[in-house]
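Please open the model in a viewer and keep the chain selector at hand. The tour below proceeds by selection, one step at a time.

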Protein chains: 4
Amino acid sequence: MDRMSTSTERPRSGRREATRHRLFEAAVGLISEQGYGATTVDEIAERAGVAKGTVYYNFGGKSELYTALMEWGVSRLADTLKDAAPPSAPPAEALTAVLRAGVVFIGEHEALARLLMAEAWRTNQAWYATVRQIRTEAIGVISGQLERLAAEGALRQGVDTGLAGSALFGMVVTVALDWRTLQPERPVEEIHATLAHMTDGLVGASSSAPEHA
Amino acid sequence: MDRMSTSTERPRSGRREATRHRLFEAAVGLISEQGYGATTVDEIAERAGVAKGTVYYNFGGKSELYTALMEWGVSRLADTLKDAAPPSAPPAEALTAVLRAGVVFIGEHEALARLLMAEAWRTNQAWYATVRQIRTEAIGVISGQLERLAAEGALRQGVDTGLAGSALFGMVVTVALDWRTLQPERPVEEIHATLAHMTDGLVGASSSAPEHA
Amino acid sequence: MDRMSTSTERPRSGRREATRHRLFEAAVGLISEQGYGATTVDEIAERAGVAKGTVYYNFGGKSELYTALMEWGVSRLADTLKDAAPPSAPPAEALTAVLRAGVVFIGEHEALARLLMAEAWRTNQAWYATVRQIRTEAIGVISGQLERLAAEGALRQGVDTGLAGSALFGMVVTVALDWRTLQPERPVEEIHATLAHMTDGLVGASSSAPEHA
Amino acid sequence: MDRMSTSTERPRSGRREATRHRLFEAAVGLISEQGYGATTVDEIAERAGVAKGTVYYNFGGKSELYTALMEWGVSRLADTLKDAAPPSAPPAEALTAVLRAGVVFIGEHEALARLLMAEAWRTNQAWYATVRQIRTEAIGVISGQLERLAAEGALRQGVDTGLAGSALFGMVVTVALDWRTLQPERPVEEIHATLAHMTDGLVGASSSAPEHA
DNA sequence: CATGAATGAGCATTCATTCAT
DNA sequence: AATGAATGAATGCTCATTCAT
């Protein structure tokens, strides 16, 4: 069918793609609030404004919808982080830019971020692989910048860039979500400033390294 | 037989308290692996070695069991963190000690930690208040140390101790869970060393602070 | 719409309405025999020839089914009583006709009548309002005839038409149910004759006893 | 067992008898409000102020408690009705006295009366026999008076005393319960006056309407 | 006599999934 | 491409009953 395509709003993609998109939007919101298990297909369909059968017609099932949702949302995060810093930027600035991009992204996609954290260590779920891969990609972008710093000798000695990437990732997500949840009125810059201060410990390099037993 | 006091381990508490304890142990494990929704009351009862009705007799329902479980496990975390540093310790060392205690605690109570992160930002659940309170307490211990540092002038200027506490908390939990999940064979010291490096940025204070707009 | 109407049996109403009707039929019988509490949703669904979930899909729950059932059956009773006497009939005859209609109705809808009496004074049930309303309507029809009699001066002095209506209602239902339960073989006319005799006390007033065929 | 055996029942009563009595009181109230099925042993025990096990110790089970309750309450009703009219009284007055006694009894034992009506036609319950017997006794008292009237020639011709007894019984119970439920503030005399008017149709025979104070 | 913790069969309810339209 | 009535296996919960104290 698809009679018209005159002007409504989505230049191409047809009815089907529009339906899928509405289901995604409905699902992220609901699941991030209530959790996967507590969210019913009925609710998703209702919020999306379609009949329940439509979910099955388009995705085949609840868990498939969830997996598709993860992939959809996650590729956005990775892309955002990758595009945050121009390859030419000095590593220290690039790192700062990546973290800021992370904060901004989470500010704009809270629901997705909540989902990610909720599922991050639930290793026996069907979609664990997807979630893990997403996190790996995001952390990889951060660790990549840390390695560039290390190559310049600007990174404190003895720092494991993998672990440190994971630490920064957790730090960014935690701070950003607490910000959205508890103090959404604060300007994003204040959030980012605090994070920037904290990364300086790593970056501040060679000089006056305090001792650790 | 042997209903108490010989030596087994719970000198007092009576039959009922013992039953509740076994249900807690069974529930943390199951729920952290599968999630709340995917864990059935049957499973919990079976693993605890009691009849299903006993769960209802003791807690009133599945969600109440979960809430009680949170409170139970969480007071442990807060206590552990509070006891980590002697009040007499210099702030910088105290902070380090608290973070290490956090890593160790998570290493020993993975299940609980996973639960905590999974629920941390799920604001419309019945038990959100409990979870939030727990996090607040834990973060409070960290922020408290940061404030002691600030009082000494050892904290980098312009750091919001509340936000920074939340950042350190997220960092610790994330790194610790990634460690347990992905590289459980690494010695805890390596984990802690990375975290310690990262806190130096805050602590290392006034000296060679790079600028941020 | 209404594509079909060929012949199957339910010219209008659609699949859903047919299902609801079968559930009603199944439920009255079962509940009037066993009581509400002792009747399971499984039994109702089985007798109706549908799956258990269908009860929930159509009514939302057991008690809602019960309430809907009451409303359904009860509007029938009220209608029957209202139609029993032509407005033009003299009041004395009209009253007799209404009571006879009541007896006949109960003879044909025992199950419903039992339900009504069982719930009539159970004031704290969810469906009490429905039951009460039904009784009020039925009693109202009777009281209405008594008022017509009073207007003609044919009613014994000092009779409260409201109370008397309730008395006649109770009398009719009790006699009719005892008849069906204990002596179902007796012809309906014998039952009605006894009732007619009893109303004469009200109607006969001072003067002459009206005849009954 | 059965140590004590002084006479038959309770000149004294000891702890046990007191406990049973409190359970009766608790049970009638609860069951008449909610119905048998909806009333739990827990509730009964709680209202009676005893532990749940005590119900089982004293009665053996829920249904046995219910049966015992019926027998206890019902013998009271029959006794009250039998004692209402002195054997020497003229039949017409005796009938009036019996009905008045019924109204008064129900006014004072609403809960029991509700129970009776709720179970009256539920033929497949374990306690149906008990209920039926009670009703038969009560109706028998009424019918007995009608027969005395018939013997005197004071009863309208063609009235079946059995059916009429049932009719009067239903009338009395219905009016009395509606009175307690809907207009408890009305004086009992008004209720009784209406009933007395209605019986005159039977009694007044062909002649003149008897007076009522 | 009485208690109350524990039990488990039974039941109401939920919800992902199917399928005829 | 979408719908929504129907399904039934799975699950949370209730509650009469038991029993060790």
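What follows is a tour of two chain pairs, with a stop at one helix and one salt bridge. The model is predicted.

**Stop 1: chains A and B together**

Select chain A and chain B, and display the residues of each that touch the other. On the chain B side, 48 residues are in contact with 51 residues of chain A. The area buried between the two chains is about 4300 Å², and carbon and sulfur atoms give 59% of that area.

Next, superpose chain B on chain A. A turn of 178° with a shift of 0.0 Å along the axis lays chain B on chain A with an RMSD of 0.4 Å. The two copies meet through the same surface, because 100% of the interface residues of chain B are also interface residues in chain A.

**Stop 2: charged and polar pairs between A and B**

How many salt bridges are counted between chain B and chain A? The count is six. To view one of them, select A:Asp178 and B:Arg135, whose closest N and O atoms are 3.0 Å apart. This pair crosses between chains, running from helix H8 (residues 161-182) of chain A to helix H7 of chain B. Across this interface there are also ten residue pairs in polar contact, with both residues at pLDDT 80 or more.

Now colour chain B by helix. Helices H1 (14-34), H6 (110-119), H7 (128-151), H8 (161-182) and H9 (188-203) of chain B each give two or more residues to the side that touches chain A. Which helix of chain B gives the most? It is H8(B), with 13 residues. Colouring that side by class shows 19 nonpolar, 18 polar and eleven charged residues.

**Stop 3: along helix H7 of chain B**

Select H7(B), the helix that holds B:Arg135. H7(B) has 24 residues and reaches 33 Å from its first C-alpha to its last, close to the 34 Å expected at 1.5 Å a residue. Beyond the helix, select B:Gly153, which follows H7(B) and has a positive phi, near 75°.

**Stop 4: chains C and D together**

Hide chains A and B, and select chain C and chain D. Chain C is superposed on chain D by a rotation of 179° with 0.0 Å of shift along its axis, at an RMSD of 0.4 Å. The two copies are thus related as by a two-fold rotation axis. The same surface serves both copies, as 100% of the contact residues of chain C recur in chain D.

Display the contact residues of this pair: 44 residues of chain C are in contact with 46 residues of chain D. The buried area here is about 3900 Å², of which carbon and sulfur atoms give 59%. Which three residues supply more than any other three of the area that chain C buries against chain D? Select C:Trp121, C:Leu163 and C:Met198, which supply 19% of it.

**Stop 5: charged and polar pairs between C and D**

Six salt bridges lie across the interface of chain C and chain D. Select D:Asp160 and C:Arg186 to see one, with the closest N and O atoms 3.0 Å apart. The count of residue pairs in polar contact is eleven, both residues being at pLDDT 80 or more.

On chain C, at least two residues of the side that touches chain D come from each of helices H1 (14-34), H6 (110-119), H7 (128-151), H8 (161-182) and H9 (188-203). H8(C) gives the most, with 13 residues. By class, that side divides into 18 nonpolar, 15 polar and eleven charged residues.

**Last view**

Finally, show every chain again. Over all chains, a search of the whole structure finds 42 salt bridges.

Key:
Residues are numbered from 1 along each chain as its sequence is written. Chains are lettered from A and ligands numbered from 1 in the order in which they are written. This is a predicted model: local features need pLDDT of at least 70, side-chain atom pairs count only at pLDDT 80 or more; totals for chains, interfaces and linings use all residues. Side-chain values use heavy atoms; hydrogens and water are left out. Contact means heavy atoms within 4.5 Å. Buried area is the accessible area (1.4 Å probe) that two parts lose on being put together, summed over both. A salt bridge is a side-chain nitrogen of Lys or Arg within 4 Å of a carboxyl oxygen of Asp or Glu. A polar contact is a pair of N or O atoms within 3.5 Å; within protein, one must be able to donate a hydrogen and the other to accept it, and residues adjacent in sequence count only if both atoms are side-chain atoms. Helices (H or I, at least four residues) and strands (E, at least two) are DSSP runs, numbered from the N terminus. Ala, Val, Leu, Ile, Met, Phe, Trp, Tyr, Cys and Pro count as nonpolar, Asp, Glu, Lys and Arg as charged, and the others, Gly among them, as polar. Copies are superposed by least squares on the C-alpha atoms of residues with pLDDT of at least 70 in both. The expected span of a helix is 1.5 Å times one less than its number of residues.
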